[in-house]
Amino acid sequence: MSGYYIPSEGLQSFAQSLMAKMPVVAPVAKGKRFIFDQLGDVAELRLDYDTTVLPPKKVFFPPKQDLLEFDEGKATSCLDPQAKVLLGVHPYDIKAISMTDKLFSDNYADSNYLANREVAVIIGSNVQTPYERAFYGSIAQDLELVGHDAFLTKISDGYVLDVVTEKGEKLIADLGLADASAEQTSEAEGVNAKADEDCPVKLPFAAGDVSEKVRNSFKSEIWDELSKDCFSCGSCNLVCPTCYCFDVQDEWGLGASNGKRYRRWDGCLSSEFSEVSVQGGSENFRENRAERYRHRFMRKTAYLNDKLGAPACVGCGRCAGACTADIADPVNTITRIMES
Ligand code: SF4
Ligand code: SF4
């Protein structure tokens, strides 16, 4: 749609103008790491972040979300979507959000996710400091970058803001931004064209080959070896921008006639994930950790490819950094499988 120019010294006043309209959730420093948080002070904004501890999906799909309150036979939805700007989302996380949009719209539309998603305006930003475990430059490359409303690209003396939806245009319409010049637009295009080259880690295999080989390794003993140090902590699931499983629980009031239903993130690496009630007890259909570990890689590299048009991994590298045993990195695991 349109391209605008924001000088470096104008970034904070741009963010301030957005904050005057609605809450802005953006990357801020937390100790030595970064998180997406609601901006209280524009000086906290850090578009030079490498990656965030949790992905921005938490804005639409919070780690714990109340679904409904019930009292006797009556249930009331807890849905209360609040408009906000999600600022500074890296391209790999935009791709992950578009995957989640698809998964939560498919068959049974998830209104609890979609309501939050629809009222948000997403402004992406290019990666200025690549995360050392990231491999986004060599995975999900066929997936179009869609789902955001605008995109900020850092150029030598400022930013080019590319607005791609009407929602984005409406948000910035009265901010008085200057149009980007042809040179500024061309510089931004050059920055984005070489973004994948700057990604530190490469996965040197085609998605189709990986999918086939991983599927064919289903019965291999390699999964026992790869997972032998797994603590079943589920951290690799919880930090992943494309994981979307959750558990639903009821919290009962003292009178046992009223209460609240909520959901919280769940992960297939935890041993309880695959435990179901059966008459007189329970059954766990992925009882050992090798089965759970294998399941995660089947999901990431094979099972969802047709539905998503790409592997269910965008190469953010968060799982690699979050795993205490350092066995969750898809690059290492896929390489071992491909070479086995
Ligand atoms: S692979 Fe690592 S992060 Fe994932 S459950 Fe096992 S120990 Fe935890
Ligand atoms: S599997 Fe790991 S690298 Fe891939 S999207 Fe999830 S957290 Fe990121």
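This report describes the domains, sheets, helices and ligand surroundings of one predicted model.

Local features are given where pLDDT is at least 70 and side-chain atom pairs only at pLDDT 80 or more, while totals for chains, interfaces and linings use all residues. Residues are numbered from 1 along each chain as its sequence is written, and chains are lettered from A and ligands numbered from 1 in the order in which they are written.

## Two domains

The domain assignment of the protein chain gives domain 1 (2-198) and domain 2 (207-339), with bounds that come from an automatic or database domain assignment. Their C-alpha centres lie 26 Å apart. Across the boundary, 35 residues of domain 1 are in contact with 28 residues of domain 2, where contact requires that the C-beta atoms of two residues, placed from the backbone, lie within 7 Å. On the side of domain 1 that touches domain 2, strand E4 (64-71) and helix H2 (91-105) each supply at least two residues, and H2 gives the largest share, with 9 residues. Helices (H or I, at least four residues) and strands (E, at least two) are DSSP runs, numbered from the N terminus. By class, this side of domain 1 holds 20 nonpolar, 4 polar and 11 charged residues; here Ala, Val, Leu, Ile, Met, Phe, Trp, Tyr, Cys and Pro count as nonpolar, Asp, Glu, Lys and Arg as charged, and the others, Gly among them, as polar.

## The sheet of 8 strands

An open sheet of 8 strands runs in the order E3-E2-E6-E7-E8-E9-E1-E10 with mixed pairing, two strands being paired if DSSP finds at least two bridges between them. Its edge strands are E3 (33-38) and E10 (178-179), each of which pairs on one side only. Strand E7 (residues 120-125) and strand E8 (residues 150-155) run parallel and are joined by 3 bridges, with Ile123 standing opposite Ala150 in E8. Helix H5 (residues 182-193) lies across E1 (2-7), E8 and E9 (158-163), and runs at about 95° to E8; axes are lines fitted to C-alpha atoms, for helices over the stretch in contact, and angles run from 0 to 180 degrees between N-to-C directions.

## The sheet of 4 strands

A further open sheet has 4 strands in the order E5-E4-E12-E11, with antiparallel pairing. Strand E5 (74-77) and strand E11 (246-252) stand at its edges, each with a single partner strand, so one side of each is left without a neighbour in the sheet. Neighbouring strands of this sheet are turned by 25° against each other on average, direction ignored. Within it, E4 runs antiparallel to strand E12 (residues 258-265) and is joined to E12 by 7 bridges, Asp66 having Tyr262 in E12 as its bridge partner.

## Three hairpins

The table sets out the hairpins with their bridges, one residue pair and the residue of positive phi.

| Strands | Bridges | Residue pair | Residues between strands | Positive phi |
|---|---|---|---|---|
| E2 and E3, antiparallel | 6 bridges | Pro27 and Phe36 | 2 residues | Gly31, near 60° |
| E4 and E5, antiparallel | 4 bridges | Leu68 and Ser77 | 2 residues | Glu72, near 50° |
| E13 and E14, antiparallel | 4 bridges | Val276 and Glu283 | 2 residues | Gly280, near 80° |

## A helix pair in domain 2

Helix H6 (residues 207-216) and helix H9 (residues 289-303) have axes that come within 8 Å and cross at roughly 145°. The crossing of H6 with H9 is left-handed, a term used if the near helix is turned anticlockwise from the far one by less than a right angle, with right-handed meaning clockwise. From H6, Val210, Ser211, Val214 and Arg215 meet Phe297, Met298, Thr301 and Ala302 of H9, and this contact comprises 5 nonpolar, 2 polar and 1 charged residues.

## Surroundings of the ligands

Around ligand 1 there are 14 residues, of which Cys230, Cys233, Cys236, Leu269 and Cys323 come nearest; a residue is near a molecule or strand if its C-beta atom, placed from the backbone, lies within 6 Å of it. The shell of ligand 1 has 10 nonpolar, 4 polar and no charged residues. Ligand 2 is surrounded by 13 residues, and the closest are Cys240, Cys313, Cys316, Arg318 and Cys319. In the shell of ligand 2, the classes are 8 nonpolar, 3 polar and 2 charged.
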